[in-house]
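Biologist: Could you walk me through the empty spaces and a few of the strands in this protein? I am new to reading structures.

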Amino acid sequence: MTLSKQIEQRRVKLDDPFWNKITELVRREVIPYQYEALHDRIEGAEKSYCIENFIKAAKADGSKKYPVDKWCYTDENTEEGAFHGWVFQDSDAYKWLEAVAYSLINHPDRELEAKADEIIDLICSAQLENGYLDTLYIINDRDKIFTNLRDFHELYCFGHLAEAGVAYYQSTGKRRLLDAALRFADLICETFGEKEGQKRGYGGHEIAELALVKLYEATGDKKYLETARFFINERGKKPYYYDLEHNVKTEGEGYFYNQAHKPPREQSEAVGHAVRGVYLYSGMADVAKYCGDGELYAACRKIWDNIEKRKMYITGGIGSTVHGEAFSFDWDLPNDLAYCETCASIGLIFFARRMEETCADSRFAAVAERALYNTVLSGMSEDGKRFFYVNPLEVDPVACRVDERKKHIKAVRQKWFSCACCPPNLARIISSLGAYCYSENEDTLFVHQYIGGSADADIATLSVISDYVENGKVKIKITPKRKMRLALRIPEWSGYTGENVKDGYEYFDIDGEREITLDFKPAARLVKSSEHVRANIGKAAVQRGVFIYCAEGTDNGEGLQLLSIDKDTAFKTDGEFLIADGYRAVPSEELYSEYTETKQTPTKIKLLPYYRWGNRGENEMSVYLNIK
């Protein structure tokens, strides 16, 4: 393991020609829009109930009880005074606050900070004296606290609270939310463990593990790290805690969904709910790093290999099936049924960052780049006010409306979701991009992502002038604080060869101020998937640099399945689109007929970056096209 640590975000400033407009969009449009959504003030959007629940919880005294028996509580199935929304609704406010915290680092904003402080005051007013903080149980039934860890997300909501508390403290110096998180964390550390009287449970939706590590990093208190390790070590042991909790005997049947079918150390395949999975794997990588746990790290590597080599779409999407929002079996990557939840790709980036800080291998940052520039960005419209929960690689709007198998796929982004985990998750990762660019150890500074800006690391100051996205060019100026090495990632798509390369990083010995210019020369190319992937036989996708491209019906007419790209095409560009030589098949109007060669007419095929699809109204889209 080649250990390195993240450079604190307040010491990283971004200034990038591609990302500036997106981070500004998040700051000026997305964060304010989501503030209104959390308050249920977006006309025509599904209600959140998030802030409403905190108001109810702050006023509740526990004397009135309501049922705690379902995942989602609506006006139709619960009383007016009860908790409303999904069981994890609190987490939307926490993710919004985390996004605000990161935004304030680069763009101080008194008005926005005041709004955040107001929500923090409301959240803290709902917290019980013992530190417990989850509005579902505070409002509905306090006797049921920690009685259904499998389903009802208390530890998940805690995890997002902890992340927000750390971020807001590091950004503003204000401790109130962090202290609330620490009080809840202390209760969790007292409640769960191996001592007599403690519960030996673990969360059904993971994230508490990585959040407890963040509290350890922020405070140095090892009890948080030890509790994170306990949750990981206890998971999947027999007798199954969830069986005991529900008084059943399942032998682990169904626990693949929660990655609780067997101990994480024994797992080698990514299974179950994709977001839960990558959140768990991120926590595992954290614990492996800080505890020097080689066995746990080896499990992380096996799971990573399974994702990268068998279960990841070319866009960095993961979780191919709508059933359980889950990983499927190896090579099962259908384009028109793909789920690819936005949150899952965000979680994959979390996992990648932790893996690259444990072992300097460019594979991790390459996958993070793939997910970030494609599936993650696809999750948000160009005006920042509509969102994709699901990110397919092929869309027929008619099928989305009438085919029950494809009802999860939307041909246009939505204003909001009652289950709104993805929009605030997008806001927080885009606002925290600086966390994914660099890491360092005692003698090496690593550059993982080529986003323009500057960093004040412990061993050097660094500035990056980046034309990476458009033209693959990067200029790096480094001023060392002592003799050190600089490690620069070589993009997998570049064909660049360096002089001192190890595991995809080129290393430079630095003992004085130095300027390094890189030219990765992005070129459009056809990329095929393995023939094991049934959906893509005879097809290819187009990639140029960081971007995967797709065809839309707006530019190419209806029936994208009729298009074929000439395998020898010389790609051209008109400044906005890639243009390829190709053919359009002339379809037979007879359902069945004697085989003859299909007539093909020459055509030009226009392609745009995948992340930009769906911004011009409802139409067809396809990433993979036939090759002729």
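Modeller: Happy to! A word we need at the start is "buried", which stands for under 20% relative accessible area. Please keep in mind that this is a predicted model.

Biologist: Thanks! With that word in hand, how many residues of α13 are buried?

Modeller: Helix α13 runs over residues 342-358 and has 17 residues. It is mostly covered. The number of its residues that are buried is 17 of 17.

Biologist: What length does α13 reach from its first C-alpha to its last?

Modeller: At 1.5 Å a residue, 24 Å would be expected for α13. The computed reach is close to that, at 25 Å.

Biologist: Now for the empty spaces. What is the volume of the largest cavity?

Modeller: In general, rolling a probe the size of a water molecule over the atoms shows where empty space is left. A search of the whole structure turns up 6 cavities of 30 Å³ or more. The largest cavity has a volume of about 80 Å³.

Biologist: Which helix gives the largest share of the lining of that cavity?

Modeller: The lining residues are I349, R353, E356, A368, L372, I429, L433, Y436 and Q449. By class they are 6 nonpolar, 1 polar and 2 charged. Two helices, α13 and α14 (362-378), each supply at least two of the lining residues. The largest share, 3 residues, comes from α13.

Biologist: And which elements give two or more residues to the lining of the second largest cavity?

Modeller: That cavity holds about 50 Å³ of space. Its lining is made of E8, Q9, R10, Y102, I105, A167 and Q170. The elements giving two or more of these are α3 (90-106) and α6 (154-172).

Biologist: Let's turn to the pockets. Which residues lie nearest the centre of the largest pocket?

Modeller: The largest pocket has a volume of about 670 Å³. Its lining divides into 12 nonpolar, 5 polar and 15 charged residues. There are 32 lining residues, and those nearest the centre are Q6, E8, Q170, E217 and R353.

Biologist: Which helix gives the most to the lining of the largest pocket?

Modeller: Several elements each supply at least two lining residues, among them β1 (5-6), α11 (274-291), α13 and α16 (422-431). The top contribution is 5 residues, and the helix that gives them is α8.

Biologist: How does the lining of the second largest pocket divide by class?

Modeller: About 470 Å³ of space lies in this pocket. It is lined by 24 residues, with E308, M312, Y313, I314 and S529 nearest its centre. At least two lining residues come from each of α12 (294-310), α14 and β15 (525-527). The division is 11 nonpolar, 5 polar and 8 charged.

Biologist: Last, the strands. Which residue in β13 does L486 stand opposite?

Modeller: Strand β13 covers residues 505-510, and 5 of its 6 residues are buried. Strand β11 (residues 484-489) runs antiparallel to β13, joined by 6 bridges. In β13, the residue opposite L486 is F508.

Biologist: Which residue in the turn between β12 and β13 has a positive phi?

Modeller: Strand β12 (residues 501-502) is joined to β13 by 2 bridges, and the two run antiparallel. One bridge pairs V501 with E506 in β13. The strands form a hairpin with 2 residues between them, and the turn residue with a positive phi, about 50°, is D503.

Key:
Residues are numbered from 1 along each chain as its sequence is written. This is a predicted model: local features need pLDDT of at least 70, side-chain atom pairs count only at pLDDT 80 or more; totals for chains, interfaces and linings use all residues. Side-chain values use heavy atoms; hydrogens and water are left out. On a 1 Å grid over the protein atoms alone, a cavity is a set of points where a 1.4 Å probe fits but cannot get out, and a pocket is an open set with protein on both sides within 12 Å along at least five of seven lines; lining residues have an atom within 4 Å of a point. Grid points are joined across faces, edges and corners, and a volume is the space filled by probe spheres set on the points. Helices (H or I, at least four residues) and strands (E, at least two) are DSSP runs, numbered from the N terminus. Ala, Val, Leu, Ile, Met, Phe, Trp, Tyr, Cys and Pro count as nonpolar, Asp, Glu, Lys and Arg as charged, and the others, Gly among them, as polar. The expected span of a helix is 1.5 Å times one less than its number of residues. Buried means under 20% relative accessible area, exposed over 50%, partly exposed in between (1.4 Å probe, protein chains only). Two strands pair if DSSP finds at least two bridges between them.
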